[in-house]
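Here is a colleague's note, written for someone meeting a structure of this kind early in their studies. Please keep the sequence and the model side by side while you go through the numbered points.

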Amino acid sequence: LLLRGAEGERLLPAQNYPVGRRGQYHCPGGGTCATLADLVEGMRRIFLAPHLPLAERYALNADHRAAIREALRVKRRYAQSLVFVQGLKRQLPKGTAFFHKYGYASRWFTDVVYIELPNSSRRWIIAATGRSGRKSLVRAGRAIGELISDPNRFVDPPRSGPPPSNPSRD
């Protein structure tokens, strides 16, 4: 795997894992050999690229990012791969945009979703995984959707530096 970024190129050597029954490869931890944090990081570097330092971006131009964004856009209303998104949609306002990448491994369903709420500058990247089938994430989606449905529920992190000079503000 050849990685290209602002700091140059880096070649990652191939890793071999034992082949299991039916020719499947078994990575440590199962699945694609990627953690949920890895999947979120990939989504962050694609969708938030304009806001990231060059060293944290993939070597993708705006057209590449737009093509990926369109490929990941949730278009279908009722698909088995959308169970987590359907749970989220039930709690979020109309006009919310969803982009997701899902997958299955050893009876585990995983979904990583980038969410743009209408009338809000907040963006969300949520990763979830559940065992025992696709529907295991419907309830999780509803609960997370309820949490993020109110953009005022979360306060911005404190800024470094001196406190504001307005003494009437508590």
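1. A good place to begin is F99, whose relative accessibility in this predicted model is 0%, so that F99 counts as buried. This residue is found in strand β3, and, once its neighbours within four places in sequence are left aside, F99 is in contact with M43, F47, R69, L72, R73, V74, V112, V113, Y114 and E116. A separate C-alpha to C-alpha comparison places F99 at 8.3 Å from A71, although the two are 28 residues apart in sequence.

2. With that residue in mind, please step back to the whole protein chain, which comes to four helices and five strands and which, read along the sequence, follows the pattern β-β-α-α-α-β-β-β-α. Of the 170 residues in the protein chain, 25% are buried. Among the contacts in the protein chain with a separation of 6 or more, 44% are between residues 24 or more positions apart. The accessible surface of the protein chain comes to about 12,200 Å², and carbon and sulfur atoms account for 53% of that area.

3. Which strands make up the open sheet, and in what order do they stand? The sheet has three strands, in the order β3-β4-β5, and their pairing is antiparallel. Because β3 and β5 stand at the edges, each with a single partner strand, one side of each is left without a neighbour in the sheet. From one strand to the next, the twist averages 15°.

4. The pairing can be followed bridge by bridge, since nine bridges join β3 to β4 in the antiparallel sense, and β4 and β5 also pair in the antiparallel sense over nine bridges. As examples to find in the model, the bridge partner of H100 in β4 is V113, V112 stands opposite A127 in β5, and W108 has R131 as its bridge partner in β5. Strand β4 is mostly covered, with eight of its nine residues buried. Helix α1, made of residues 36-47, lies across β3, β4 and β5 and runs at about 30° to β4.

5. Is E116, a residue of strand β4, buried or exposed? Its relative accessibility is 15%, and because buried means under 20%, E116 counts as buried. A polar contact of 2.8 Å joins the side chain of E116 to that of R69. Not counting residues up to four places away in sequence, E116 touches R69, G95, T96, A97, F99 and R123, a list that includes the F99 of the opening point.

6. T96 deserves its own paragraph, and its place is in the loop between α3 (83-89) and β3 (97-105). With a relative accessible area of 13%, T96 is buried. A polar atom of the side chain of T96 lies 2.7 Å from the backbone oxygen of P93. Apart from its neighbours within four places in sequence, T96 is in contact with I115, E116, L117 and P118.

7. The largest nonpolar core has 18 residues, and those with the most contacts inside it are F84, L88, L92, F98, V113 and I115. Two or more residues of this core come from each of α3, β4 (108-116), β5 (123-131) and α4 (138-148), and α3 gives the most, with four residues. One member, I115, touches L88, L92, T96, A97, F98, R122, R123, W124, I126 and I148, not counting residues up to four places away in sequence. Apart from this core lies another, of eight residues, among them I46, F47, A97 and Y114.

8. Finally, please look at the turn of the hairpin that β4 and β5 form, where six residues lie between the two strands. N119 lies in this loop between β4 and β5, and its phi is near 60°, a positive value in a residue other than glycine. What is the relative accessible area of N119, and does that make N119 buried or exposed? The area is 83%, and because exposed means over 50%, N119 is exposed.

Notes:
Residues are numbered from 1 along each chain as its sequence is written. This is a predicted model: local features need pLDDT of at least 70, side-chain atom pairs count only at pLDDT 80 or more; totals for chains, interfaces and linings use all residues. Side-chain values use heavy atoms; hydrogens and water are left out. Buried means under 20% relative accessible area, exposed over 50%, partly exposed in between (1.4 Å probe, protein chains only). A polar contact is a pair of N or O atoms within 3.5 Å; within protein, one must be able to donate a hydrogen and the other to accept it, and residues adjacent in sequence count only if both atoms are side-chain atoms. Contact means heavy atoms within 4.5 Å. A nonpolar core is a set of buried Ala, Val, Leu, Ile, Met, Phe, Trp, Tyr and Cys residues joined through side-chain atoms within 4.5 Å. Accessible areas come from the Shrake-Rupley method with a 1.4 Å probe; for residues, only the protein chains shown count as cover. Two strands pair if DSSP finds at least two bridges between them. Axes are lines fitted to C-alpha atoms, for helices over the stretch in contact, and angles run from 0 to 180 degrees between N-to-C directions.
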